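Got your viewer open? Let's take a short walk through the model, one selection at a time.

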Amino acid sequence: MHNVVIVGAGPAGLSAALAAAAAGAPVLLLDSNQRLGGQYWRNSSEPIESQKDQHFDLDTGMLLMNAVKARKEISVWNGAQIWSASHKDGVNTLRVLHQGGEKIINTANLVLCTGAYDRTLPFPGWDIPGVMTPGGVQSLIKGHGVLAGNKVVVAGSGPFLLPVAAGIIKAGGQVVELLEANKSKRWLLSPLTLLENITKLKEAFYYIKTISQGKVRARFGVAVIAAHKGVDGKLESVDVATIKRNFKVKKTRNVKCDVAAIGWGFTADTSLAGALGCKLKVARDKGVVAEADSNQQSSIPGIFVAGELTGIGGAELSMAEGVIAGISAAKFVGCKVEISRAHKKRRAKKQRFADALIRSYPVKSGWLTWLKNETTVCRCEEVSVGNLKYAIEELGATDSRTAKLFTRCGMGLCQGRVCGRSVVDLVAAELNISPTDTDRISAVNRPIISPIPLGVLAAGE
């Protein structure tokens with residue numbers, strides 16, 4: 001048995017590991033990446049100090065990463081992929097692919113900091129090579145020093161569009177359009193929250209300065225609603241629409257580009273939490289997250305959750321939650337440590353900013369009007385909007401789960417990570433009903449947490 005096992009080495013996981021180790025608990029830190037930092041501080045094999053141009057606050061990341069490496073209480077497994085997990089009689093069993101083989105970890109004390117991934121919306125042409133998520137574009141730059149393209153349209157909604165656009169410019173690419181679907185004035189809904197989180201304003205101005213130097217002007221109330229390929233089958237242009245508050249189209253123009261980085265915020269990665277049986281809930285933004293109490297404990301004693309897994313809120317909230325989760329985990333194994341009022345006060349402050357993000361960057365249902373019958377919804381299984389409508393109108397599907405069984409939508413390699421949330425919304429709209437929490441939660445359940453080669457499975461314990 002390991003004392004404290006932490007999954008995820010981003011802002012939340014690093015903070016949790018240090019907090020638990022400082023309290024005296026031996027820690028095993030698992031991460032699927034080859035280097036610490038998570039998506040937020042993703043870095044390449046080059047000396048990390050030379051990569052500051054691609055990060056707003058790499059100093060904090062370096063401080064945490066170096067501190068984790070220096071603590072003798074912390075063991076790190078990089079490149080560790082958990083493919084299966086279960087909870088029974090107070091013991092959590094993780095089946096991990098690491099260093100070419102399968103290892104089994106049993107622990108009574110687990111901290112989940114599994115983060116999030118880009119939320120996508122389907123639209124005509126979104127499966128054309130060259131249409132990517134902002135996170136994918138950023139990962140190529142940060143992790144490999146590679147530009148996805150020369151002429152890039154960055155679009156969707158949320159503050160993450162800013163660092164992606166700035167990163168493209170710093171890497172030598174051209175951002176031909178920077179498009180935010182919502183209006184900039186929505187931040188006026190949360191003036192006090194902005195004032196108490198002044199560091200977030202500094203971060204925004206840091207990116208805006210770079211974007212301005214690249215002679216790019218952000219446009220608001222505008223979205224990419226279709227993509228078109230050239231004779232070589234690759235992305236050639238996108239249709240850019242001025243949209244109403246409900247996201248319905250007003251007028252459209254065409255923009256030439258070779259890459260379109262389009263994202264609509266993030267979706268919490270609840271795969272591991274769900275497999276272990278932790279209670280999940282639907283958050284205010286209609287995404288599914290893990291439920292946590294004031295000490296970051298999930299519905300299962302001994303399993304703690306922190307970071308984007310509990311709700312999308314950014315790196316600073318993730319670090320605040322990670323510290324509390326690490327302290328709670330250390331206390332669970334008998335360390336004499338307590339969570340201070342200062343820890344909870346800091347978390348509350350960052351949570352208010354996260355709530356403001358939800359108010360400022362909603363995704364309205366009008367995006368459904370961008371779709372055509374031939375638009376692909378599930379890229380893995382090549383299921384179209386028309387296929388889903390047929391399952392409802394002709395085969396009698398009355399919910400997203402039944403539609404999934406009829407069409408195989410969400411049964412491919414990604415197991416619905418990309419299309420699951422959109423399918424729930426599409427089916428509900430076609431039935432003229434509101435999606436239930438049960439529908440949304442069932443769409444994120446995955447018995448196989450990540451793909452595994454059959455050979456490894458056969459050779460496993």
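Buried here means under 20% relative accessible area, exposed over 50% and partly exposed in between (1.4 Å probe, protein chains only). Before you click, note that this is a predicted model, where local features need pLDDT of at least 70, side-chain atom pairs count only at pLDDT 80 or more, and totals for chains, interfaces and linings use all residues. Residues are numbered from 1 along each chain as its sequence is written, and side-chain values use heavy atoms, with hydrogens and water left out.

**Stop one: cysteines.** Select C409, which is buried at a relative accessible area of 3%. The closest cysteine sulfur to its own is in C419, 4.2 Å away and too far for a bond. Now pick C419, buried as well at 3% relative accessibility; its sulfur has C378 as the closest cysteine partner, at 4.1 Å, again too far for a bond. With a disulfide taken as a pair of cysteine sulfur atoms within 2.5 Å, the count is zero.

**Stop two: a pocket.** Next, show K281, T310, G311, E321 and Q351: of the 22 residues lining the second largest pocket, these are the closest to its centre. Which helix gives the most to this lining? That's α9, with five residues. Colour β18 (280-282), β19 (288-290), α8 (315-332) and α9 (341-360), since each supplies at least two lining residues (helices are DSSP runs of H or I, at least four residues; strands are runs of E, at least two; both are numbered from the N terminus).

**Last stop: F406.** Find F406 in helix α11 (residues 400-407). F406 counts as partly exposed, at 42% relative accessibility.

How values were computed. On a 1 Å grid over the protein atoms alone, a cavity is a set of points where a 1.4 Å probe fits but cannot get out, and a pocket is an open set with protein on both sides within 12 Å along at least five of seven lines; lining residues have an atom within 4 Å of a point.
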